[in-house]
Every structure is written in structure tokens, then in C-alpha cells.
Amino acid sequence: MVSPLDLDQLQTFCTIADCGSFTEAAKRVYKTQSAVSMQIKRLEARLGQAVFVRDGRRVTLTTEGEALYARARRMLKINAEIIDMFSHDDLAGNIRFGVPDDYAVKLLPVILSSFQRTHPRITVDVRCQPSEDLLSGMRQGRYDIIVFTQGTMHEFGELFRTEKMHWVASHGGRALATDPLPLACGPNFCIWRADAVEALSRINRDFRIAYTSSNAMAITSAVLSDLAVGFLPESALQPGMRVVGEDQSLPRLQDAQIALLRASHAYGGIYDALATHIVESMGNLPGSFYAKQKEQAAE
């Protein structure tokens, strides 16, 4: 009979894969570095394959390690679900949660306030940062759960919401008719910026980056002040914005893909409670301000 894999070894393996360091992983799993190294040595001996490539201090997954990673995560998740099934403890604790401010302004207060009412003993510490910074922070162990815009790193996260992206301008403003088209957008690594630039270049529409910020409210202000034309997902649209249709010589943009990512320890208990609440709340949200406008106009 084949003996089962050691879940503690898999937890350590996933932690190393998440942060890319044996030293950092040892801190996160509360073991010495030598104990962590021994766990991985035993796991590799058990599998008959190396799961990491060690290049100085840098640690990356082998092809076999990548295949193991997703399956190990599923095993840790199932293990947490089984423990929860037989646990009668009240949910209590602290969660470090990160989210881009694209969604934080309108969605986050509603989602977290309802979560706090149903889970008063769980505290959630929130930081709003661009998706790239959130993913970096997750690798560095600063978050338990993040919501982020997929496309930055497609291979990570659970996609749970897709929204149409809209070109937006100020009502009655001149920015939309300006040549070259002034754009308000995120920094170079922003996936929405890359898509907008590629789409405009594809139709040979002249443009210039007139306003750059990682802050969604700053982009919104630039648009509402008629400094530039912007692009936002449906849930981030604000009163006073004019949604520019495809008949205004602007190209169709790719949909925004919103995903959730957990640290390898963040399964079961308080983490499942928050993750489930976020996915269900954002996934089932009624129409945005723009959708409501269209509904009202049709009445």
C-alpha cells in the first residue's frame, strides 16, 4: 500500500514556492531553516523528483514542482475543510487583506461592513494598492488574501468576476475631441493601460499619456475635470462621467478580470469566511451606476 504524502511537508513546500526563499519560508512556518530543508529533502526523496531549482539564494519550481504546487494547494484546502467540518469553535482572528482601489471606493465599504455584521470577531486589516504591488506583497508575506486584476499574472488566482471596460470622459468636456487624445491611466505595468494603448495603436488613433497615477480616485478626478479621457471597469464608474460608446471612434477594450488569491496557509476558518463573502458579494452585485442609468432611462 502506498503511504500518503505528509501534509506538513506540502505546507512547507507551498510556502517556499510562494515566497521563493527557504529562509523566509522557515519564518512563516515557524521552523528552523535546517528543518525546512530536511522536509523538502524528504519530500523530494518520496517523490523521486526535485521540486526546486536552487540558484544561490534564488529558489524556483522545477517542472515537476509546478505540477505538484496546484495539487498540493488543493490538498491543503481539503484538509482545512475537513477540520472545519468537525470544529465547533467560533470564528475569530485577524486577516490581512489587499485590494486595488479601483474596487475599494464603491464596493469595499458595502462588502466589508456586511461581513463585519455577520462575523464580529474577525478583524480585517485592509490595504489598497495596485495589483502588481499586491502580488508582490503576497510573495513577501504581507497579505493573507488579495483581490487583484488578472492579466498581470494569469497563472495565479481564482477568477470570479468579469466586467466590461468603458472609455469615460467628462460630460460636456473637450478632452474626447482633442487630438492627440489625452489619456489618464495607471503606470507602465498596468494591464488596463497596456490594453488601451494597444487598442488605440491598432486603429492608428493618436494619443498621449496626459495623466498617470496608481490611485483610482486621481484618475477619476482627471476625467471629471476634463483633463483627459480614461478607462474604467463598470463597477468603478462615477456620477458625472460620460461613458463613451464604440461609435465615438474609440476601440473596444478587453474585459476586466477580477481574481482572488490566498496565501498557502489561508484556507479554512476565518479565511474561507472572508473569501466566500467577497466572491459571493462581488460576483452577485447588481448593476453599476452606469447600468442603473440605463435601466432608469428605459423606464
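## Ring pairs, salt bridges and strands: worked exercises

Phe52 is buried, with a relative accessible area of 4% (buried is under 20%, exposed over 50% and partly exposed in between, with a 1.4 Å probe and protein chains only). The model is predicted, so local features need pLDDT of at least 70 and side-chain atom pairs count only at pLDDT 80 or more, while totals for chains, interfaces and linings use all residues. Residues are numbered from 1 along each chain as its sequence is written, and side-chain values use heavy atoms, leaving out hydrogens and water.

**Exercise 1.** Work out how the rings of Phe13 and Phe52 are arranged.

*Solution.*
- Start with the count, which comes to 4 aromatic pairs. Rings of Phe, Tyr and Trp (its six-membered ring) pair if their centres lie within 6.5 Å; planes under 30 degrees apart count as stacked, over 60 as edge-to-face and the rest as tilted.
- For Phe13 and Phe52 the centres are 5.3 Å apart and the planes sit at 45°, so call this pair tilted.
- Now place the partners: Phe13 is in helix H1 (residues 7–19) and Phe52 in strand S1 (residues 52–55), so the pair ties together parts 39 residues apart in sequence. Helices (H or I, at least four residues) and strands (E, at least two) are DSSP runs, numbered from the N terminus.
- Check burial: Phe13 has a relative accessible area of 0%, so it's buried.
- Step back, and you'll find that ring pairs link Phe13, Phe22, Phe52 and Tyr69 into a cluster.

**Exercise 2.** Classify the ring pair of Trp167 and Phe231, and say which strands hold these two residues.

*Solution.*
- The ring centres are 5.6 Å apart and the planes stand at 80°, so this one is edge-to-face.
- Trp167 belongs to strand S7 and Phe231 to strand S10, and the pair links distant parts of the chain, 64 residues apart.
- Both Trp167 and Phe231 are buried.

**Exercise 3.** Sketch the open sheet of 3 strands that includes S7, then add helices H8 and H9.

*Solution.*
- Draw the strands in the order S10-S7-S11, with antiparallel pairing (two strands pair if DSSP finds at least two bridges between them).
- Mark the edges: strand S10 (230–233) and strand S11 (241–244) each pair on one side only.
- Add the twist, which averages 45° from one strand to the next. Angles run from 0 to 180 degrees between N-to-C directions, with axes as lines fitted to C-alpha atoms, for helices over the stretch in contact.
- Zoom in on S7 (residues 165–170) and S11, an antiparallel pair with 4 bridges. Ala169 has Arg242 in S11 as its bridge partner.
- Lay helix H8 (residues 191–202) on the sheet, where it touches S7 and S10 and makes about 125° with the direction of S10 (contact means heavy atoms within 4.5 Å).
- Finish with helix H9 (residues 216–224), which lies across S7, S10 and S11 and runs at about 50° to S7.

**Exercise 4.** Take the salt bridges Glu44 with Arg54, Arg96 with Asp144 and Asp272 with Arg262, and find where each partner lies and how buried it is.

*Solution.*
- The count comes to 11 salt bridges; each is a side-chain nitrogen of Lys or Arg within 4 Å of a carboxyl oxygen of Asp or Glu.
- In the Glu44–Arg54 bridge, the closest N and O atoms are 3.8 Å apart. Glu44 sits in helix H3 (residues 33–47) and Arg54 in strand S1, 10 residues apart. Glu44 is buried at 14%, whereas Arg54 is partly exposed at 46%.
- Arg96 and Asp144 meet at 2.9 Å, N to O. Arg96 lies in strand S3 (residues 93–99) and Asp144 in the loop between helix H7 (131–139) and strand S5 (145–149), so parts 48 residues apart in sequence are tied together. Arg96 is partly exposed at 29%, but Asp144 is buried at 3%.
- Asp272 and Arg262 come to 2.7 Å, N to O. Asp272 is in helix H10 (residues 269–283) and Arg262 in strand S12 (residues 256–262), 10 residues apart. Asp272 counts as buried at 16%, and Arg262 counts as buried at 11%.

**Exercise 5.** How many bridges join S3 to S4, and how many join S3 to S5?

*Solution.*
- S3 and strand S4 (residues 122–128) are parallel, with 7 bridges. Look for Phe97 opposite Val126 in S4.
- S3 and S5 also run parallel, joined by 2 bridges. Here Gly98 stands opposite Ile146 in S5.
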